[in-house]
Amino acid sequence: MAFYDDETIENVRAANDIVDVIGSVVHLKKTGSNYMGLCPFHNEKTPSFSVSEQKQMFHCFGCGVGGNVYTFLMKYDNLTFPEAVQSLAERAGITLPEREMTSEERRKADLRTKLLELNKDAAVYFYRALRNKSGETALKYFRDRQLSDETMKNFGLGYSLPYRDDLYKYLKAKGYDDSLIRQSGLCRFDEKYGMQDLFWNRVMFPIMDISGKVIAFGGRVMGDAKPKYLNSPEGPAFSKSHNMYGLNIARSSKKTYMILCEGYMDVIALHQAGYTNACASLGTSLTDGHCILLKRMKKPVYISYDMDGAGVKAARRAIPMLHAAGIDTKVIHMEPYKDPDEFMKGLGPDEYEKRVAEAENGFFFLARKAAEEHDLSDPGDKTRFMQDVAQILLILNPGMERSNYLAAFAEKYGVREADLNGLLIEAASEESARRTAAARRHEMQEKRAPAKGQRPGSAAVQRGRGGADGFRDRAPDDGLPMQIDETIHYDDGGQEESAYVPEGIKKSERMLLSWIAFSPGILQTIAPYIGEDDFEEGVLRQVYSELVREITETGAAVPAKAVNLFTDVESQTEVGSIFSSGVEEIKDEKDREKALRETLVRVKQQRIDALGTGPHAAEASTFRTLVDERKKLDALKKLRIPIT
């Protein structure tokens, strides 16, 4: 493996119980042999996120993500594989051996380092431009917004000169080449004028990551030009959905809560007023990535969005997202002012502190806004409002939390608790039906979707490998129609042609791997009939080889260890899906043996079909192999396979 040696990786993994690691950030509840919770990687109301203490694996049945403790950390904290190893080693008190970077790691690290250096130089350029004679208009703009020199300094505010290539010339003079400048997003190439600055004649807001490094910029016009705000494009150093403006300062605030705003000036105005716990998303609506960042603060979030229609709409969207992430939420009301910046100018921090103390519970806010859209004196309209309230209740966790809000809403709006509960049950049933229908539509779309990029005649095409994700899970004999791929390309430059591709072949192979991991003793029984060639090249074949090696050497299989074969989240998730099949839930011995035998027969039949229709089907060697494979298939149909 290109990072740390296999033994080190496995020792670190084994030293970190996955239930403890995930349980520190996700509320888990013991359900049968596993633990269940709300998935931190997508919004959901009913727990579909499963963690297996026995397998040391997790899997979400909603969004499909899964793997071992490394996969979770890579996904949750946006870490590379070696960073996840380092983080878990530190958690377990394990000293890691020194290692050298791979060439790809070094290339990415070098590029990011250079971009951060360039951004720092650009920030200095903008900062100085604001404070020299050419920046007088911009400086007056900030002072008219009542920002102090200290505040402007703390946030590194600056100015881009009214020339289209001044920053470009500055960066070239600093020794940066055109390729790096373009990758920074600060300049772009124009066929007529050459390299041009992205920002010019705007007041500038450096955007910093949580550690305080400049990763991008926001620029605002001082007049009525459009666009009002312009942000750096995303790139190797900048992701809007995984960074928040002002969080590098807010993370260290002594305040017991976080304030979530909409814009740069709102954050800056609040910080200047002493609310150093304010932050904002970056030119985009609140995302799951932002919720993950806020959850790490381990504090409730007070929403301080604009009080106009767009701000209210954004708050109504943000509250369920924050709740799904396990964050308590309140809403600060700033009437008669539109936003925190205007509020501070009009009423000041003391009055804002009163509004903080009076902040409205997020779910009462949702219900009140829904009530404003109905005439509650009209019986029919009141019924429609209570149906809206039932939808709000669906967001809440089933049990005590939902019951408490149901009782509170019923009392507040003068309806019987039983009537509201009836509407809730109806809403839950409709939601379940919608989900089932959506899942069915998705399933049908998957069936119709062409599998791109497979070579006709190859085993992958003939065996219906489908997309790279491998989640089109239908057995070949389930009566579903074949799918056609009209744009399949030869890797060697051959002509395009069409090929029919059966669906869901990977399901049987994944199921067989799950059986082997569950009952390692079966390997010796099936070894004369099943081998590497029965599994697709790539992830599945590698996992099979690892299981064989592990069982041969130790007599046992460690599913979580197989995940260590891969360092990307996509492959680790595919491995995770292998071991989340639930074969262990089949309790009856006869049912187990029947299910395993059917799986073995499907896998072997798929191998035979691939050989018989593949590019070498007419060759004598293939004919001999087919004869042998058919004999193995016949034997498998009669084989007795004890499962322990």
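**Strand pairing, cores and helix packing in the predicted model**

Within strand β10, proline 206 has phenylalanine 217 as its bridge partner. This pairing belongs to a predicted model, in which strand β9 (residues 202-208) and β10 run antiparallel and are joined by six bridges. Five residues separate the two strands of this hairpin, and among the residues of the hairpin glycine 212 adopts a positive phi near 95°. Strand β10 is also joined to strand β11 (residues 229-231), again in an antiparallel arrangement, through three bridges, and here glycine 218 stands opposite asparagine 231 of β11. Because seven of the seven residues of strand β10 (residues 214-220) are buried, the strand is largely enclosed by the rest of the structure.

Phenylalanine 217 also appears in the description of the largest nonpolar core, which comprises 63 residues and in which Phe142, Leu157, Phe205, Phe217, Tyr245 and Tyr352 touch the most other members. Helix α5 (residues 103-130) supplies the largest share of this core, namely 10 residues. The surroundings of tyrosine 245 can be given in detail: when residues up to four places away in sequence are not counted, tyrosine 245 touches Phe155, Leu157, Phe205, Pro206, Ile207, Tyr264, Val267, Ile268, Ala278, Cys279, Ala280 and Leu282. Proline 206, the bridge partner of phenylalanine 217, is thus one of the residues in contact with tyrosine 245. Apart from the largest core lies another core, of 47 residues, which includes Ala250, Ile303, Ala315 and Leu406.

A further element of strand structure is an open sheet of five strands, arranged in the order β1-β2-β3-β4-β5 with antiparallel pairing. Its edges are formed by β1 (29-31) and β5 (66-67), each of which pairs on one side only. Inside this order, strand β3 (residues 49-52) and strand β4 (residues 57-60) are paired in the antiparallel sense over four bridges, and phenylalanine 49 finds its bridge partner in cysteine 60 of β4.

Among the helices, α27 (residues 620-638) was examined for its length and for the distribution of its buried residues. At 1.5 Å a residue, the 19 residues of helix α27 should span 27 Å, and the end C-alpha atoms are 28 Å apart, which agrees with that expectation. Thr622, Leu626, Glu629, Leu633 and Leu636 are buried in this helix; seen down the axis of α27, the buried residues fall within an arc of 80°, so they line one face of the helix. These buried residues pack against α26 (589-613), whereas the face of α27 turned away from the buried side carries the exposed residues Phe623, Arg624, Lys631 and Lys638.

Serine 571, situated in helix α25 (residues 569-578), provides an example of a buried polar side chain's position: because its relative accessibility is 14%, which lies under the 20% cut-off, serine 571 counts as buried. With residues up to four places away in sequence not counted, serine 571 touches Val539 and Phe566.

Confidence in the model varies along the chain. The mean pLDDT of the chain is 83, with 88% of its residues reaching 70 or more, but over residues 449-504 pLDDT stays under 50. For that segment the model has 125 contacts beyond four places in sequence. Where pLDDT is low, the predicted coordinates should not be read in detail.

Conventions:
Residues numbered from 1 in each chain as written. Heavy atoms only, no water. Core = buried A, V, L, I, M, F, W, Y, C linked by side-chain atoms within 4.5 Å. Buried < 20%, exposed > 50% of the residue type's maximum accessible area, 1.4 Å probe, protein only. Contact = heavy atoms within 4.5 Å. pLDDT = per-residue confidence, 0-100. Pairing = 2+ DSSP bridges. Expected span 1.5 Å × (residues − 1). Arc of directions from axis to C-beta.
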